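Visitor: I would like a close look at a single part of this protein. Please take me through it step by step.

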Amino acid sequence: MKNYQNPASEHTYRALLADLSAFPVCFTYGGKDYSGFGDSDMAHLETAVTTDDQKETTDNIFLLADTLKITLKTAFYPSHGAYEWTLWFENVTADNSAVLENVRTVYHFTGDHPVLRGIYGDLVNLYRPYVFDIAQEKVHFESNSGRATHVNFPYFNLEYGNGGAMLAIGWAGTWTAEFEKTADGVCYVARSVNNLRTYLKPQEKIRTALFAVAPYAVRDEQYATNFWRDWYVQCNMPKADGEGNPLEPFSTWCMANDTGLTNSDGSISEQHDTWRPSLEGMLAQDAKVDFRWFDAGWYQTPYLGSAKSFVKGEDWWDTVGTWVLDPEKWPGDSFLQSTEFARQNGMKTLMWFEPERVTYPDDMVKNFGYKRDWAIEQDGVAVISNNIGDNECRRWTTDRICKTLRENKVEMYREDNNCDAAQLWAFLDARDGDDRLGITECKFINAHYQMWDDIIDCTKSYGGCAFVDSCASGGGRNDLESMRRGVPLLRSDSDRTSSSLRLSMTSSFNKWIPFCGASTREQKEQHSLTGISDEYVWRASYLPSLNVVAQFVYPTEEMKDYDMLRFGLRECKRVAPYMLKEFYALTPWHCEQETNGFTAYAYYDPDSQTGCLLAFRQETCEESDLTVTLPFAGGNCRLIDEDSDESYPVTDGQVTLHFADARTARLLWIEN
């Protein structure tokens, strides 16, 4: 394993703790501006240090103006020289506090020629990369929707001097980051809860985002990428289970398209009499996956109807909130029987929920013990938000979810979030009175992290997963704090369409979030039930979460190629051991529409000095030869072609690959 220890980083971190008056956070309280923690009306109460196998955590506690308890929680990771901090504010009096506002990180990096690299978020930007010369322009990013990684992305690679720093904002709500040239470097200003201006009620407590800084000492994008990926995998990514085993790549399959029943906009059509033929069909074809994916639409409606009958014209979207299995679809213990059958045959189950929305709140009150004031409802806004920021509502929601998971021994919790909640948060702020801006978001996001922690404790308790699937209309909630609890099985809803988009996303997104997934078909649109599946598509789809699209009971002609399905499953398992190792994008990034070139990338294990290279001559590419530079192993390696077993020598770190036809994918194994 590479040695990423950075003595200079530890020196910087120790210096920050040695002079807390200069710590890089600022805020305003009671109209007075504070910078750091050295003001005369700020008493330092205590310092507490704890250590574990990965990090050293330090809590510095202060009392400001005899009213506001402030906890500065920092952590240092010796293996990589990374460090982070989070602020907590608590009113410890019996009266309302003064107004707290303008809470931000203000960090100065010293070094010449500053350049900012990174990617934009999902949706309109589809993880498009960017490069900014900070010496020439001030750069500003902002996320205001309430889904943190749609549009923009709170991860940054700031190069300066002879090295740089990887930066991340861990907050699943709103955030801002800006970078501006200074006389000797760069000023980085970052915040969460963009509109925060609130007093705190007695004993009320809120927190900021997690702000992570991971400095590196070699100014090279490939080095920075793999330094970050290694820290992410070793120190941030959740574990697989309660035993602490590392999370490893796996495959999934959703059976909803294999029932012969009508789906509504992707809503699940599985029921008690459809699951067994599908699973038995999979086993008969020797195409077993690791997780059976049980998606939306399985729950009883708030008005006690059956979602499958669409009594009021609703489908999965319009009937959320009860989190009780529909007794018409799943009578008795029929769903438990399906999860037991899967386990007996070496498969686990993941199950879809969307706890932040509710429908028919009056019916929820009447039939399910819901409280009407938990529903955040605003005239003119179609979505009704479930106020998990209210502790009683969060516990009610979590208890119902965990009861369903536990009774059916579901191993993995899958969460979706199909609304931009910031508008409703602001509405609830206003309803709370003056000087309460941002308080709903503070409570909501912190409660969401707590809910995930409680659900993970639940699934771990009976041998299930120690992580969740993070989905928010695709890639809307992939902030670092969330990624310490979850993985995005689908890094984008759009990543169920073309292979060119899939290759584009892998070339950019995988630099930042190593564990992610896509579909294994090339579909015309997200919800189409059929699509191209061939060697080219499969190799473009090899990711840690391999999400299979297949039918065994009601297959279309396109779905009957079980040889190709078995090929993809088996070959992906051979690639899987390298997917969380080093990653190298070997060709320039292409957007989805640019299919006239090559895409190539490699996974490389520096310990064994082995890996694999995946190269694609795209659909309209007229060239037949691709020459790539391999920046690993000092160029002293050889490539073995999977299809022909031909050996390719690497000369001076370069190798030329020949492609006879367009739309051709090659897999080559890297050997020492």
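In what order do the strands of the open sheet stand, and is the pairing parallel or antiparallel?

Guide: Keep in mind that this is a predicted model. The open sheet has 8 strands, and their order is 26-25-23-20-19-18-28-27. The pairing is parallel. In general, the strands of a sheet are held in pairs by backbone hydrogen bonds, and a pair can be parallel or antiparallel.

Start at the two ends of that order. The edges are taken by strand 26 (486-487) and strand 27 (517-519). Each of these has a single partner strand, so one side of each has no neighbour in the sheet.

Now move to strand 23, which covers residues 412-415. In the order of the sheet, strand 23 stands between strand 25 and strand 20. Strand 20 (residues 348-353) is joined to strand 23 by 4 bridges, and the two run parallel. Across this pairing, Trp352 stands opposite Arg414 of strand 23. Towards strand 25 (residues 468-470), strand 23 makes 3 bridges, again in a parallel run. Here Glu415 is the residue opposite Ser470 of strand 25.

The side chains of strand 23 can be followed in the same way. Met412 and Arg414 lie on one side, while Tyr413 and Glu415 lie on the other. These residues are all buried, so both faces of strand 23 are covered. Arg414 and Glu415, already met in the two pairings, are thus on opposite sides of the strand.

Further along the sheet, a helix comes into view. Helix 12 (residues 562-575) lies across strand 18 (250-254) and strand 28 (545-548). Its direction is at about 170 degrees to that of strand 28. Strand 18 and strand 28 are next to each other in the order of the sheet.

For comparison, look at how two helices meet elsewhere in the model. The axes of helix 3 (residues 275-284) and helix 4 (residues 334-344) come within 10 Å and cross at roughly 5 degrees. Angles under 35 degrees count as roughly parallel, so helix 3 is roughly parallel to helix 4. Helix 3 contributes Trp275, Arg276, Leu279, Glu280 and Leu283 to the contact, and helix 4 contributes Ser334, Gln337, Ser338 and Phe341. By class, the contact has 4 nonpolar, 3 polar and 2 charged residues.

Key: Residues numbered from 1 in each chain as written. Predicted model: local features only at pLDDT ≥ 70, side-chain atom pairs only at ≥ 80, totals over all residues. Heavy atoms only, no water. Axes fitted to C-alpha atoms, helices over the stretch in contact; angles between N-to-C directions. Parallel < 35°, antiparallel > 145°, perpendicular 65-115°, else oblique. Contact = heavy atoms within 4.5 Å. Nonpolar A, V, L, I, M, F, W, Y, C, P; charged D, E, K, R; others polar. Buried < 20%, exposed > 50% of the residue type's maximum accessible area, 1.4 Å probe, protein only. Pairing = 2+ DSSP bridges.
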